[in-house]
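Okay, thanks for having me, everyone. I'll put the structure up first, and then we'll walk through it together.

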Amino acid sequence: MRKRRNSNILQEDDGDPLSVVVNLFDVAMVFAVSLMVAMVMHMNMTEVFGQEDFTIVKNPGKENMEIITKEGKEINTYKASGQTTEGGTQGRRLGTAYQLDNGQIIYVPDE
């Protein structure tokens with residue numbers, strides 16, 4: 001008579017059914033981190049992780065303009081209020097700025 005081999009498939013322990021959930025959580029975390037890295041690379045925001053100081057102006061001249069600055073490890077965001085003043089009641093004129101043909105900007109203060 002031939003001896004029958006026991007199949008490993010039939011004797012496999014099911015183990016903890018929650019282990020599948022843990023594995024899915026690990027996969028989701030890896031996916032989320034890779035998505036964040038891809039977004040940073042796509043938006044050319046790699047400067048945020050560097051040592052250099054920088055200033056970024058988003059939507060210049062529009063109502064929803066933002067200025068993002070990084071100095072050292074501190075990142076600040078300034079948002080435009082969208083409010084305008086009539087008749088120049090706030091502030092005063094300090095000078096005039098001229099842009100040359102080569103792109104250089106020259107500031108001439110009022111005396």
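Let's start with one residue: Glu-52 is exposed, because its relative accessible area is 65%, and exposed means over 50%, buried under 20%, and partly exposed in between, with a 1.4 Å probe and protein chains only. Before I go on, a word on where this comes from: it's a predicted model, so local features need pLDDT of at least 70 and side-chain atom pairs count only at pLDDT 80 or more, while totals for chains, interfaces and linings use all residues. Residues are numbered from 1 along each chain as its sequence is written, and side-chain values use heavy atoms, with hydrogens and water left out.

Back to Glu-52, then. You'll find Glu-52 in the loop between H2 and strand S1, which covers 54-58. Helices here are DSSP runs of H or I with at least four residues, strands are runs of E with at least two, and both are numbered from the N terminus. Glu-52 and Lys-70 sit 18 residues apart in sequence, and their C-alpha atoms are 8.1 Å apart in space.

Glu-52 also has company: together with Asp-53, Glu-71 and Glu-74, Glu-52 forms a negative surface patch. A patch takes residues with over 30% relative accessible area and no salt bridge, joining like charges within 9 Å, or nonpolar side chains (Val, Leu, Ile, Met, Phe, Trp, Tyr) within 5 Å. Asp and Glu count as negative, Lys and Arg as positive, and His and the chain ends are not counted. The charge is placed at NZ of Lys, CZ of Arg, CG of Asp or CD of Glu.

There's a nonpolar patch too, made of Phe-31, Leu-35, Met-39 and Met-43, with about 440 Å² of accessible area together. Areas come from the Shrake-Rupley method with a 1.4 Å probe, and for residues only the protein chains shown count as cover. Phe-31 belongs to helix H2, residues 19-42, and Phe-31 counts as exposed because its relative accessibility is 55%.

Now let's zoom out. How many helices and strands does the protein chain have? There are 2 helices and 5 strands, and from the N terminus on they run α-α-β-β-β-β-β. Of the 111 residues, 5% count as buried. The chain exposes about 11100 Å², with carbon and sulfur atoms supplying 55% of that.

So who is buried? Thr-69, in strand S2 (residues 66-71), is one of them, because its relative accessible area is 11%. Skipping neighbours within four places in sequence, Thr-69 is in contact (heavy atoms within 4.5 Å) with residues including Phe-54, Ile-75 and Tyr-78.

Glu-66 lies in S2 as well, and Glu-66 counts as buried because its relative accessibility is 19%. What does Glu-66 form a salt bridge with? The partner is Lys-58, and the closest N and O atoms are 3.9 Å apart. The definition asks for a side-chain nitrogen of Lys or Arg within 4 Å of a carboxyl oxygen of Asp or Glu. In general, side chains of opposite charge can pair when their charged atoms come close. The structure holds 1 salt bridge, and Lys-58 is partly exposed, at 38%.

One last stop: Leu-94, in the loop between strand S3 (74-79) and strand S4 (95-99). Leu-94 and Asp-110 are 16 residues apart in sequence but 5.6 Å apart in space, C-alpha to C-alpha. Leaving aside neighbours within four places, Leu-94 is in contact with Tyr-107, Pro-109 and Asp-110.
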